[in-house]
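Please look over the structure shown here before reading on. The report that follows describes it part by part.

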Amino acid sequence: MTNQISQKSIDRKNTVRKSESIEKNKGLRSNKSTEKKHKFRMSGQDLTLQIICIVVIVVFCIACLMPFLLIIGGSFDKEINVTKYGYSIIPKDFSLEAYKVIFKDPTIYRAYGSTIFTTVAGTVLAMLLTVTMAYPLAQQKLKFRTPIIFFVYFTMLFGGGLVPTYLLISKYLNLSDNIWVLILPIMFSAWNMFLMRNFFAGLPGELSESAKIDGANDFQILFRIVLPISKPGIATISMFYALGYWNQWYNAMLYLGNNSRNLFPLQYLIMDLTRTTDALKEMAQYTGISVVNLPDNTLKMATTLVTIGPIVLLYPFLQKYFTQGLTVGSIKG
Amino acid sequence: MKKKKRFNNKKRKHMTIKEGFKELWVNKFLYAMMVPAIVWILIFCYGPLYGILIAFKKFSYKLGILKSPWADFYGLENFRFLFNYKGIGRVFFNTIFLNLLFILFVTAFSVILAIMFVEIRNKTFKKLTQSIAILPHFVSWAVVAMFLSGFIGINSGMITKLIETMTGNKIAFYTSSQYWPAILVALRIWQGAGYGTIVYIATITGFDPGMYEAAKVDGATRFQQIRMITLPLLKTTIILLTIMGLGNVFRGDFGMIYALIGDNSKLYATTDVIDTFTYRALRELGNLGMSTATSFFQSVVGFVLVFTVNGITRKIEPDSAIF
């Protein structure tokens, strides 16, 4: 009993300390305290419900993980086993043949280089555009706010479509077969900008007001005062952009021809591997194994695993921001 | 939202040009800041709008957009060709049908899972399973396509092999279009349901705990609380999100469909959507006019849909309307 009381007082202290945290958390906390009281009197029906929930969720989670396990299993298996028995989650024999081929071939390194460059450069530039657009639009005093918001919002409703965009980028901007074609066309997202704006609108205005009185201009206020206290919002939106860049293959497919294979990002490499034999031919050339003898089934799985590896590894750290993103969005301007 | 409303309700004075320039000068840094993004939007979003002209032209690469002659049939030849195109009805049907299936199933799964997540008492278990459920949202459709071939590929897919050993029949999933609506829906659930729970969990945890306390005092079991409190309260959110989804029902998910189906014409019957059709019209048929006409038609219908949907949303819950 005393234990419970002390737990409660700690809870209260925490509540005070994090008093500025959002309402959602408050809801969570009070839910937790109801849970505590609840535990003592759990009726049979409640217990059944609890068990049903656990079973369903476990089943769903297994379904979520299955594909990942399958490519891990498939990539470490021997090619003969796969052609004979199909892919399996637990490999029949442990073999590294697929990985040996992949890492001998420079393709994967180049694709990593291309993806990392576009992701880093793209995310930084995208954040610059987003922040500098979102901050002014969060200011109540800006008189032309509404027309500018509509100017941005309209792009979410109406677009030129594939052909006009394709012609613009390849014919008029002449960006085909250029690494920047992977960066520029997705360098701004109206949706992310509005999320960022809502985040800025939720910040207390006093800090920037006092800086203004001290004679700082808006650039200084944004970069010295507002951005340092906006880390959660920035982290979330950067994550969205970074994920978009990391996972893109669409622009690579449209604008990168076969003569710029060295620019292919990771995700397009996977697509290319399933669609054409070009990638396999290239691998054969570098490894000295003939195309027929390449372990192509396990190769596909190993390449996939290599491309999603960083995401899966970073996931536990990124997930927090990913979930936060929706909280950022829910504080609606 | 409150702030915005106050702003909107303010009586708007008509601004003279002089006052306009004054406003620009007073907030010059704020306006200057926006220039890069505005330039980007002008080039990459408004630039292509000019290209819509192609829909009304007999486009030739050599002559460019402006100099290409107008299309026959009062400039509407491309549209006539499009609506007479064999199988175009199927494309429109697939787009809407698949989107409706996606909305229905993903919403249902998200809501059920969200309620279950909230019910779970063990915190570590809850956190871990939630992380796992959101994980699929992180991988691209190109990767999902690989996953899928690992399961149902004709020669080495795990499920294909399993069915083969059990029944002796080999099911060629990649050449039988009838399975694909189900496969696409399953993948959509796999990829989006976990992520979808975030919104619903946030909504549920935002409900007034007092209601649950009161119900508990009255002797309601957790199951009754879900049925009588959680679900009715969640109804607005569910309806709103569904309606918003309906606004996009005419937009096919190119990233998903093309990554999974690609140029596999045997599956077009059930999987070809407007966006993949547009792409094919450009790449395979080389018919730029029809391709542009298709996207233009899609954009117009989409625009009307979003507006209608937003109007409905505003009636149900003004706070959730986008504009």
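## A residue in the core

This is a predicted model, and a convenient place to begin is A:A134, which touches A:M193, A:M196, A:R197 and A:F200 when residues up to four places away in sequence are not counted. A:A134 is also, together with B:V144, B:A259 and B:L260, among the residues with the most contacts inside the largest nonpolar core, a set of 138 residues. Helix α10 of chain B, covering residues 180-206, gives the most to this core, contributing 11 residues.

## Overall form of chain B

Chain B is built with 16 helices and zero strands. Its radius of gyration is 25 Å, well over the 20 Å that the globule rule gives for 323 residues, so chain B is more spread out than a compact globule. Measured out along its principal axes, the C-alpha trace of chain B spans about 75 × 75 × 35 Å.

Of the 323 residues of chain B, 38% count as buried. When contacts in chain B between residues at least 6 apart in sequence are considered, 66% of them join residues at least 24 apart.

## The contact between the chains

Chain A supplies 90 residues to the contact and chain B supplies 81 residues. On the side of chain A that touches chain B, the largest share, 17 residues, comes from helix α3 of chain A, which covers residues 44-76. Sorted by class, that side of chain A holds 50 nonpolar, 31 polar and nine charged residues.

## B:V139, a loop residue

B:V139 lies in the loop of chain B between α7 (123-134) and α8 (141-152). Is B:V139 buried or exposed? B:V139 is buried, because 23 other C-beta atoms lie within 10 Å, where 20 or more are required for a residue to count as buried.

Leaving aside residues up to four places away in sequence, B:V139 touches A:I308 and A:I311 as well as B:V144, and B:V144 is itself one of the residues with the most contacts inside the largest nonpolar core. B:V139 and B:Q191 are 52 residues apart in sequence, and their C-alpha atoms are 8.6 Å apart in space.

## Confidence in the model

The model scores ipTM 0.85 and pTM 0.84. For chain B the mean pLDDT is 86, and 94% of its residues reach 70 or more, whereas over residues 1-10 of chain B the pLDDT is below 50. Beyond near neighbours in sequence, this stretch of chain B has five contacts in the model. Where pLDDT is low, the predicted coordinates should not be read in detail.

How values were computed:
Residues numbered from 1 in each chain as written. Chains lettered and ligands numbered in written order. Predicted model: local features only at pLDDT ≥ 70, side-chain atom pairs only at ≥ 80, totals over all residues. Core = buried A, V, L, I, M, F, W, Y, C linked by C-beta atoms within 7 Å. Buried ≥ 20, exposed ≤ 12 C-beta atoms within 10 Å, placed from the backbone. Helix = DSSP H or I, 4+ residues; strand = E, 2+ residues; numbered from the N terminus. Contact = placed C-beta atoms within 7 Å. Rg over C-alpha atoms; globule rule 2.2 N^0.38 Å. pLDDT = per-residue confidence, 0-100. Nonpolar A, V, L, I, M, F, W, Y, C, P; charged D, E, K, R; others polar.
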